[in-house]
Every structure is written in C-alpha cells, then in structure tokens.
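Visitor: I am new to this structure and would love a close look at a single part. Could you walk me through how two of its helices pack together?

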Amino acid sequence: MNKAFVKESDGDDDDEAAALALAIPPGSKNYITPAGYQRIKDELLQLIDVDRPEVVRIVHWAASNGDRSENGDYIYGKRRLREIDRRIRFLTKRMDLAAVVDPSVHHGSDQIFFGATVTYCDQHGQERTITIVGIDELDPLNGKISWVAPVARALTKAREGDVIIFHAPHGVDELEILQVSYPAPAAD
C-alpha cells in the first residue's frame, strides 16, 4: 500500500510529549549527578556505535532485495533508524544542557541540597526515603525524585530535625526531616 494512503505517525508527537514532561524550568540548568551523566553518555555511545550501524546494515541488505514498498525489513528498519536518530538528538541536547553536580561535596552536611538522600516522616507517621536527582535520572519506584518535584523543592535547604510545611495536592502536610546523607567522596 502506498504510504500516501496510510496515516502513520513517525512518533514525533510522543517525543515532544516526553520532552515536555522532562522540561527544565526556565532559567534553570539541567542538573545531573556524575552517575546520571555517565548513563546518558553510555546510552548515546551504544546507539551511535552499535545499534545504529546494525540497523543501517539491515536496511542496506533489505534495500538490495528489490521492491521496497512491501519489504518489511526495509520499512521497519527505516522506522527504527528514525527512532534511533531522534533519541540520539534528544540525548545530545540533554548532555549539552547538563550541569554535572557532584553531591559528595556536601558529605557530612545535614542541610538538603541536590543529591541528598533524605528520610522524612509525614504528619501521619509514614516514613519515606528519597534521593533528590536530576530530571533525566528520576526513578520514583526506587525513591529517586527530580529536584523540580514539589516535595524536593519544599525540602531543599532544610536541615535534619526541621519540620517543614508542604503544600501537597491533597492538602497541607507537615514533614519532619529525620536524616540527611550524601555519598562519600571518591578516593583519589
């Protein structure tokens, strides 16, 4: 079937929505830990050095088979190539905007900054432990929240033992900061 008669998205809408979800607040930097920056760099190198050349090889082979309009390997290979190129552009932009911040410089401090692991208790007695990380590193299921998250912003600059007022979507909550820790500096 001719592509002119088929309504297919290249996935640009999905990437734009994802980019908006990971938007950096205006006037802010894209703070990221050294480990998070390394993960982005590793993914980018994997895409450039391994994944993209493999897909190019498959597309080249499929193109040499003749009729491209009904050649699934060619059609899906080209689509995958567009996805890889889109991801490469996204990761490159994120790396260009990144401001790598090593949280170990605050090791031993009891004040909350970027990279802190914080244990706090809400007014209902429920304890939570979170680590404040960059937008590109967030993993809420493992307690890693973005520094732009409302709770992270509320906790920032508070100290161990402080009780802060947090305006949550469900109402006002009091959070007592029980413990603040940072990773130890790397031995040189």
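Guide: Happily; here is a short walk around that helix pair and what surrounds it.

This is a predicted model, in which local features need pLDDT of at least 70, side-chain atom pairs count only at pLDDT 80 or more, and totals for chains, interfaces and linings use all residues. Residues are numbered from 1 along each chain as its sequence is written, and side-chain values use heavy atoms, leaving out hydrogens and water.

Two packed helices are described by the angle between their axes and the distance between the axes. Our pair is α2, residues 34–63, and α3, residues 72–97; helices here are DSSP runs (H or I, at least four residues), and strands are E runs of at least two, numbered from the N terminus. Their axes lie 9 Å apart at an angle of about 160 degrees, where axes are lines fitted to C-alpha atoms over the stretch in contact and angles run from 0 to 180 degrees between N-to-C directions. The two helices are therefore roughly antiparallel, a term for angles over 145 degrees. Their crossing is left-handed, meaning that the near helix is turned anticlockwise from the far one by less than a right angle. The residues of this contact comprise 17 nonpolar, 2 polar and 9 charged; Ala, Val, Leu, Ile, Met, Phe, Trp, Tyr, Cys and Pro count as nonpolar, Asp, Glu, Lys and Arg as charged, and the others, Gly among them, as polar.

Next comes alanine 98, placed in strand β2 (residues 98–100). Alanine 98 touches Asn30, Ile32 and Tyr37, leaving aside neighbours within four places in sequence, with contact meaning heavy atoms within 4.5 Å.

Conventions. Angles under 35 degrees count as roughly parallel, over 145 as roughly antiparallel, 65 to 115 as roughly perpendicular and the rest as oblique.
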